[in-house]
Amino acid sequence: MRILGIDYGDARTGLSVSDPSGFLAGSPSVIHEWNYDKLLDKLTAFIMENKIEEIVLGWPKNMDGTSGPRAEKCEALAETLRARTGLPVTLWDERRTTVAAHDILHQTGKKTKKHRQTVDAVAASLILQGYLDFKRRQG
């Protein structure tokens with residue numbers, strides 16, 4: 001089962017696709033798109049081309065667990081993706097994944113100025129891997 005992890009952003013949306021067994025996150029990429037409707041078209045095409053069967057979408061809740069404007073945008077995207085694709089979409093708590101993604105890029109020697117180009121893809125991989133690990137623990 002191929003699962004898509006998404007780190008949704010206004011300008012860049014990170015993607016990561018699991019291996020067919022649903023064990024590892026991989027294939028990180030970024031969609032550069034400001035226009036919401038065009039982003040939906042690109043996401044839908046990506047989902048169909050990659051034979052995705054499930055979606056996990058980063059849910060940026062506030063540190064106190066409440067939902068702010070960004071989380072509400074993700075909730076709306078989840079509903080739209082469910083309607084467009086017919087696939088299950090799970091909202092996954094992504095607190096601190098972008099910070100962790102920046103740390104990973106820094107540790108690998110990437111210059112801070114270059115982080116913007118790949119941080120969303122790394123964050124999507126962290127979101128997806130966290131979800132895959134959770135599913136495996138649940139049996």
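# A guided tour from K51 to the salt bridges

Select K51 to begin: this residue is found in the loop between helix 1 and strand 4. Helices (H or I, at least four residues) and strands (E, at least two) are DSSP runs, numbered from the N terminus. This is a predicted model, in which local features need pLDDT of at least 70 and side-chain atom pairs count only at pLDDT 80 or more, while totals for chains, interfaces and linings use all residues. Residues are numbered from 1 along each chain as its sequence is written, and side-chain values use heavy atoms, with hydrogens and water left out.

K51 is not a glycine, yet has a positive phi of about 50 degrees. Its relative accessibility is 62%, so K51 counts as exposed; the classes are buried (under 20% relative accessible area), exposed (over 50%) and partly exposed (in between), with a 1.4 Å probe and protein chains only. Move next to S27 in strand 3 (residues 25-32). Phi of S27 is also positive, near 50 degrees, in a residue other than glycine. S27 counts as partly exposed, at 48% relative accessibility.

**The whole chain**

Now display the full protein chain, which has 4 helices and 5 strands in the order β-β-β-α-β-α-β-α-α. Of its 139 residues, 40% count as buried. Among contacts (heavy atoms within 4.5 Å) between residues at least 6 apart in sequence, 62% join residues at least 24 apart.

**The nonpolar cores**

Select L4, I6, L43, I55, L57 and L81, the residues with the most contacts inside the largest nonpolar core, which has 20 residues. Such a core is a set of buried Ala, Val, Leu, Ile, Met, Phe, Trp, Tyr and Cys residues joined through side-chain atoms within 4.5 Å. Two or more residues each come from strand 1 (3-7), strand 2 (12-18), helix 1 (36-49), strand 4 (54-59) and helix 2 (69-85). Helix 1 gives the largest share, 5 residues. Centre the view on L57: beyond four places in sequence, L57 touches I6, Y8, C74, L77, A78, V89, T90, L91 and W92. A second, separate core of 6 residues can then be shown through V56, I127, L128 and L132, which are among its members.

**T13 in strand 2**

Select T13, placed in strand 2. T13 is buried, at a relative accessible area of 0%. Which residues surround T13, leaving aside neighbours within four places in sequence? Those in contact with T13 are I6, D7, Y8, S29, V30, I31, L39 and D120. A distance label between the C-alpha atoms of T13 and H32, 19 residues apart along the chain, should read 6.6 Å. A polar atom of the T13 side chain lies 3.4 Å from the backbone oxygen of G9.

**Salt bridges**

The whole structure contains 8 salt bridges, each a side-chain nitrogen of Lys or Arg within 4 Å of a carboxyl oxygen of Asp or Glu. Select R70 and D10, whose closest N and O atoms are 3.0 Å apart. R70 lies in helix 2 and D10 in the loop between strand 1 and strand 2, so this pair ties together parts 60 residues apart in sequence. R70 is partly exposed at 26%, as is D10 at 37%.

Remain on helix 2 for R82 and E79, 3 residues apart, about one turn of the helix; their side chains meet at 2.6 Å, N to O. Finally, select D133 and R136, with closest N and O atoms 2.4 Å apart. These two residues are 3 apart in helix 4 (residues 115-138), about one helical turn. To close, display D10, R70 and K73 together: salt bridges that share partners join these residues into one network.

Notes
A polar contact is a pair of N or O atoms within 3.5 Å; within protein, one must be able to donate a hydrogen and the other to accept it, and residues adjacent in sequence count only if both atoms are side-chain atoms.
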